[in-house]
Amino acid sequence: MTDASGQTPDSLTAVADARGLEALLARAARAGKGLPPVERWNPPFCGDIDMEIRQDGTWFYLGTPIGRMPLVQLFSTVLRKDADGKTYLVTPVERVGIRVADAPFVAVEVNISGKGEGQIITFRTNVGDVVEAGPSNPLRFVNEAETGGLKPYVLVRGRLEALVSRPVMYELVGHGEEIDVDGVSTFAVRSNGETYPIMPAARLAELSA
């Protein structure tokens, strides 16, 4: 059923303000029952909406920052990145595309407990997810060729990652160690029995010289 403009009433693509979006998504909120099963939903694609997640994790709707954190947290629970590489907001009846500048989440805090093979690295994201790096939530480090910088990411859920913020990255690499990885001395961090290479130890020595 469509209205005079040809849009489905109360759809994600028809609402005009954040309050309308909040009302629509409320049925898919955690509501004390954990995350909604967005990976199991297969609703039709209803187009893109003017929503963007900037590199610093700030959410924008119609060019304006969404200042209400509870609303941002609500949106974050119905995010899904599909095999086509695009990120969507998904409800049981609709799937709409949004823009993501880098990763949808930002890791803003880290706790590191234990040492060696018993070390556990736990991240908190800007929207409140708590993730232990490990087999189900691996870390990866990306070298930026254009800047020579290092960008770590941790998998949060599905295909959704959190970019590790720079202060957290510095704390993280402070717990790195030289480990033999496939016969190569490698600067890496460990968590939950897994080893996550950062760079060859020889490269680290060059950068530190």
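Which elements each supply at least two residues of the lining of the largest pocket? In this predicted model, they are α3 (166–173), β15 (194–200) and α4 (201–208), and the first legend below begins with that pocket.

**View 1. The largest pocket, with a volume of about 250 Å³.** Of the 14 residues that line the largest pocket, Asn143, Leu150, Ile198, Met199 and Leu207 are the closest to its centre. Sorted by class, the residues of this lining comprise ten that are nonpolar, three that are polar and one that is charged.

**View 2. The second largest pocket, holding about 180 Å³ of space.** Its lining is made up of 15 residues, and those that lie nearest the centre of the pocket are Lys81, Thr87, Val100, Asp102 and Pro104. Two or more residues of the lining come from each of β6 (95–100) and β12 (160–164), and β6 gives the most, with three residues. The lining of the second largest pocket has seven charged residues, together with six nonpolar and two polar ones.

**View 3. Asp82, in the loop between β4 (79–81) and β5 (87–90).** Asp82 has a relative accessible area of 15% and is therefore buried, since buried means under 20%. The side chain of Asp82 makes a polar contact, at 2.7 Å, with the side chain of Arg80. When the neighbours within four places in sequence are left aside, Asp82 is in contact with Tyr88, Arg95 and Arg159.

Methods
Residues numbered from 1 in each chain as written. Predicted model: local features only at pLDDT ≥ 70, side-chain atom pairs only at ≥ 80, totals over all residues. Heavy atoms only, no water. Helix = DSSP H or I, 4+ residues; strand = E, 2+ residues; numbered from the N terminus. Buried < 20%, exposed > 50% of the residue type's maximum accessible area, 1.4 Å probe, protein only. Polar contact = N/O pair within 3.5 Å; in protein donor to acceptor, adjacent residues only side chain to side chain. Contact = heavy atoms within 4.5 Å. 1 Å grid on protein atoms, 1.4 Å probe; cavity = no way out; pocket = protein on both sides within 12 Å on 5 of 7 lines; lining within 4 Å. Points joined across faces, edges and corners; volume = space filled by probe spheres on them. Nonpolar A, V, L, I, M, F, W, Y, C, P; charged D, E, K, R; others polar.
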